[in-house]
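Trainee: I would like a close look at one part of this model, the packing around a single core residue. Please then work outward from there to the sheet and the helices.

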Amino acid sequence: MFKTINGKNIDLVTHIKEYLKAHTDVHIYVGSDSQNKANTTTYVTTVVLYSPGKGGHLVYNKTKLDRENNKRTRLIKETMLSIETANIMIENMLPAPEFIDLDINGNKRFKSYNYLEEAMNMVYAYGFKCRNKTNGQVAAHCADWFVRN
């Protein structure tokens, strides 16, 4: 179930349609992040609706699952959650997100870099564009905030 930043439950499709009716020049970004705590892994997916010069609006979905310690599995799950959300949007006649933002570093010094190509190819296979941590991703940064709070 997606929620507004205030915690109100919403229907994702209806909410975005209403937002787009009321706002012009909206850029849409989708991203996910995860964090392990105790025996669970929390995944958060955000949809960011950004109007340049006017600010943005976001909605999010937070899910807790059994703890996943494998880094690759978590990052691929994050990628799939974002792809699934983007697919829900286009299946319901909403614009495709401009980018799916991946919470994967483009710097070889970081472990997540080892999974960047795989995640990017998954996004491309579904017909979407993506950005990674080094390319100014917005939605994954927002998901990071929600997964920690």
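Mentor: Start with Ile 16. Setting aside residues within four places in sequence, Ile 16 is in contact with Val 47, Leu 49, Met 89 and Leu 94. Keep in mind that this is a predicted model. Three of those partners return at once in the core. The largest nonpolar core has 14 residues, and Ile 16, Val 47, Leu 49 and Met 89 have the most contacts inside it. H1, E3 and E4 are the elements that give two or more residues to this core. H1 supplies the largest share, four residues. Another core lies apart from it, with 13 residues, including Ile 83, Leu 102, Leu 116 and Phe 128. As background, nonpolar side chains tend to be buried together in soluble globular proteins.

Stay on the first helix. His 15 is found in H1, residues 12-22. Is His 15 buried or exposed? His 15 counts as buried because its relative accessibility is 17%, and the cut-off for buried is under 20%. The side chain of His 15 makes a polar contact with the side chain of His 57, at 2.7 Å. Beyond residues up to four places away in sequence, His 15 touches Thr 4, Ile 10, His 57 and Val 59. Two of these contacts meet again in the sheet: Thr 4 has Val 59 in E5 as its bridge partner.

Now the sheet. Seven strands form an open sheet with mixed pairing, in the order E2-E1-E5-E4-E3-E6-E7. E2 and E7 (130-131) stand at the edges, each with a single partner strand, so one side of each has no neighbour in the sheet.

Take the pairs in turn. E1 and E5 (residues 55-66) run antiparallel and are joined by two bridges. Ile 5 sits in the loop between E1 (2-4) and E2 (9-10). Ile 5 counts as exposed, because its relative accessibility is 53%; the cut-off for exposed is over 50%. The C-alpha atoms of Ile 5 and Val 30 are separated by 15 Å, with their positions 25 residues apart along the chain.

E5 also pairs with E4 (residues 40-51). That pairing is antiparallel, over twelve bridges. Thr 41 has Leu 65 in E5 as its bridge partner. Thr 46 is bridged to Tyr 60, also in E5. E4 and E5 form a hairpin with three residues between them. In the turn, Gly 53 has a positive phi of about 80 degrees.

On to E4 and E3. Eleven bridges hold the antiparallel pairing of E3 and E4. His 27 stands opposite Tyr 50 in E4. Here, too, there is a hairpin, with two residues between the strands. Ala 38, in the turn, has a positive phi of about 50 degrees. E4 is mostly covered, with ten of its twelve residues buried.

Next, the far end of the strand order. E6 and E7 run parallel, joined by two bridges. The bridge partner of Asp 101 in E7 is Arg 131. Arg 131 has a further role in the packing picture: Arg 131 lies over the face of Tyr 29, at 4.5 Å from the ring centre.

That brings in the aromatics. How many aromatic pairs does a search of the whole structure find? The search finds one. Tyr 29 and Phe 99 have ring centres 6.4 Å apart and planes at 15 degrees, so the pair is stacked; planes under 30 degrees apart count as such. The pair links distant parts of the chain. Tyr 29 is in E3 (residues 27-37) and Phe 99 is in E6 (residues 99-101), 70 residues apart. Tyr 29 is buried, because its relative accessible area is 8%.

Finish on the second helix. Ser 82 lies in H2, residues 71-91. Ser 82 is buried, with a relative accessible area of 1%. Apart from neighbours within four places in sequence, Ser 82 is in contact with Val 30, Gly 31, Ser 32, Thr 45 and Ile 100. Val 30 was met above, 15 Å from Ile 5 between C-alpha atoms.

Conventions: Residues numbered from 1 in each chain as written. Heavy atoms only, no water. Buried < 20%, exposed > 50% of the residue type's maximum accessible area, 1.4 Å probe, protein only. Pairing = 2+ DSSP bridges. Phe/Tyr/Trp six-rings, centres within 6.5 Å; stacked < 30°, edge-to-face > 60°. Lys NZ or Arg CZ within 6 Å of the ring centre and 35° of its normal. Polar contact = N/O pair within 3.5 Å; in protein donor to acceptor, adjacent residues only side chain to side chain. Contact = heavy atoms within 4.5 Å. Core = buried A, V, L, I, M, F, W, Y, C linked by side-chain atoms within 4.5 Å.
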